[in-house]
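User: I am new to this structure and would like to be led through some of its features. Could we take them one at a time, with the reasoning spelled out?

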Amino acid sequence: MSRPGQGVMMPVNGLGFPPQNVARVVVWEWLNEHSRWRPYTATVCHHIENVLKEDARGSVVLGQVDAQLVPYIIDLQSMHQFRQDTGTMRPVRRNFYDPSSAPGKGIVWEWENDGGAWTAYDMDICITIQNAYEKQHPWLDLSSLGFCYLIYFNSMSQMNRQTRRRRRLRRRLDLAYPLTVGSIPKSQSWPVGASSGQPCSCQQCLLVNSTRAASNAILASQRRKAPPAPPPPQPPPGGPAGTLAVRPSATFAGAALWAAPAAGPAEPAQPLSASPRSPSVPSGAPTPGQNNLNRPGPQRATSVSARASIPPGVPALPVKNLNGTGPVHPALAGMTGILLCAAGLPVCLTRAPKPILHPPPVSKSDVKPVPGVPGVCRKTKKKHLKRSKNPEDVVRRYMQKVKNPPDEDCTICMERLVTASGYEGVLRHKGVRPELVGRLGRCGHMYHLLCLVAMYSNGNKDGSLQCPTCKAIYGEKTGTQPPGKMEFHLIPHSLPGFADTQTIRIVYDIPTGIQGPEHPNPGKKFTARGFPRHCYLPNNEKGRKVLRLLITAWERRLIFTIGTSNTTGESDTVVWNEIHHKTEFGSNLTGHGYPDASYLDNVLAELTAQGVSEAVAKA
């Protein structure tokens, strides 16, 4: 199935514009932490377009149309979304699609997450699904878009090709996305009211206007001539070497927002909701009153090359490298910093907390074996496929033939069990007629034999079978984990929430290699990013139980697999395989650390779903 073309973006002053006199649907999107462009809703996009027509260099307060987006503001000049309560910034873009596509018709495709909430697909995926739906295809393979999922329209479900896990999906009608033709009118002053042209009185706009007024006063004072100042003294030996020069938000002049110099540790983004552009100054000309003396000599030289040019007429803010943090709102800290700097007072901004990934250094003599777990290392080698396991023989081993099947759906092909398999004509196996139906021995779920043969042939072909309905595993399930090494030992440090116990540290190490016949692209090189990877468990009875089961899962090659990274989008790389690990030692800022009272029970359930249980580990 051909993939529909994505929107063509033509950057003009940071904004995309469609070709002249060509109608296009406009979809505004933001970049998430997994490098995926996520669409705003149609209502939000209409609001952004309305503001854009009034002032192409202004700011958009998203909370005016969506209560869930109250903290967010989009700066149209720098094309960034800014969150006022945390200072987080993300790039945004203005993308265009055909008016006859899903966004032009107001059609949204969504999948159900683990919490029961509905999440919209990325716009390119939504368009692809809608095209297949309109052409009345029974199913859709999303592998061409970089996802290992199958969409079944008869059951309105999404299935993971590797794990066979299914999720519900739905198609709903919403407001159509805005339509545009040609260019956008020239910008005007911001903010502009809906009808009278008066500024809005909501809290977000009041914050924007108060910040802008303060910034205007500062810029006016900076433009006054000031007598030349002597070079700044060098910091004393042993003094704070981290006096950082931080430049203000790009809403001043369209550059990147708050950034710290490359030579020092990164500072948290200190946001400004909106601010005026500074007057243009010829490049290379000295800027009257520009506060370049707040930076130490070496940093003045590196800051220009490392962080691009600072907007003319805007003061640089010295942020002291102090230990500890305070409960200061980032937006308030940013505005306060500007005012204090203009008055010649020192500025002290708080740092965002950083995850504590590793424990303090541990000497070799302090590293001990884990009690009750033999050895300290497990290695896996390259898998040799057992070609004697015929798919038909494996399926018949676990199934009982059903002479009179009930009139219900086969959840693999979505055809009725009383009719032939949907794989008739697609897959041919001797002795497996399309109308044959079997029942799995332990769970009792029924399927066409040909459907189960097709499912097995598309999997790891390791002699095991997993029921696609209840996930019951028949045989010993193995994975496609590349060769590597697993080490585990005890260290004399405690995890948050387990103050009275030491810590089990697990170290996984997998080198780069060549994909085997069981991998997505046999013969092609795969990458292994971030290894060795360190994971942590408490040294208590349940923690040691999890370790024993993880060793079994490692030996069955179930911990990792080769696929596409959810974080970077890179394909043909080693990724986690649905058994969650804790990779933060002393914090839980990312959700991958402690304290987490339910983690050990959750990971035991995940291991059981992979066919790894306590009875198996003891066998």
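**Helix pairs, a pocket and some unusual bonds**

Analyst: In this predicted model, helix α7 (residues 391–398) and helix α8 (residues 449–457) pack with their axes 9 Å apart and at an angle of about 120°.

User: Which term describes how α7 lies relative to α8: roughly parallel, roughly perpendicular or oblique?

Analyst: The axes of α7 and α8 make an angle of about 120°. Roughly perpendicular covers 65 to 115 degrees and roughly antiparallel begins over 145, with angles under 35 degrees counting as roughly parallel and the rest as oblique. The angle between the two helices therefore makes α7, relative to α8, oblique.

User: Is the crossing of α7 and α8 left-handed or right-handed, and how many residues of their contact are nonpolar?

Analyst: Where α7 passes α8, the crossing is right-handed. The contact is made by Pro391, Glu392, Val394, Val395 and Arg396 on the α7 side, and by Leu449, Leu452, Val453, Tyr456 and Ser457 on the α8 side. Of the residues in this contact of α7 with α8, 2 are charged and 1 is polar, while the number that are nonpolar is 7.

User: How does α9 lie relative to α10: roughly parallel or roughly antiparallel?

Analyst: Helix α9 (residues 541–555) packs with helix α10 (residues 599–609) at an angle of about 25°, and their axes are 10 Å apart. Because angles under 35 degrees count as roughly parallel, α9 is, relative to α10, roughly parallel.

User: Which element supplies the largest share of the lining of the second largest pocket?

Analyst: The second largest pocket has a volume of about 670 Å³ and is lined by 30 residues, with Trp30, Arg38, Pro39, Tyr40 and Thr41 lying nearest its centre. By class, this lining has 16 nonpolar, 6 polar and 8 charged residues. Among the elements that each supply at least two lining residues are β4 (37–39), α1 (42–54) and β9 (107–112). The largest share, 4 residues, comes from β9.

User: In which loop does the proline joined to tyrosine 594 by a cis peptide bond lie?

Analyst: Tyrosine 594 is joined to proline 595 by a cis peptide bond, and omega there is about 5°. Proline 595 has its place in the loop between β30 (573–576) and α10.

User: What is the phi of serine 35, and where does this residue lie?

Analyst: Serine 35 is found in the loop between β3 (23–31) and β4. Although serine 35 is not a glycine, its phi is positive, with a value of about 60°.

Notes. Residues numbered from 1 in each chain as written. Predicted model: local features only at pLDDT ≥ 70, side-chain atom pairs only at ≥ 80, totals over all residues. Heavy atoms only, no water. Axes fitted to C-alpha atoms, helices over the stretch in contact; angles between N-to-C directions. Left-handed = near helix turned anticlockwise from the far one by under 90°. Contact = heavy atoms within 4.5 Å. Nonpolar A, V, L, I, M, F, W, Y, C, P; charged D, E, K, R; others polar. 1 Å grid on protein atoms, 1.4 Å probe; cavity = no way out; pocket = protein on both sides within 12 Å on 5 of 7 lines; lining within 4 Å. Points joined across faces, edges and corners; volume = space filled by probe spheres on them.
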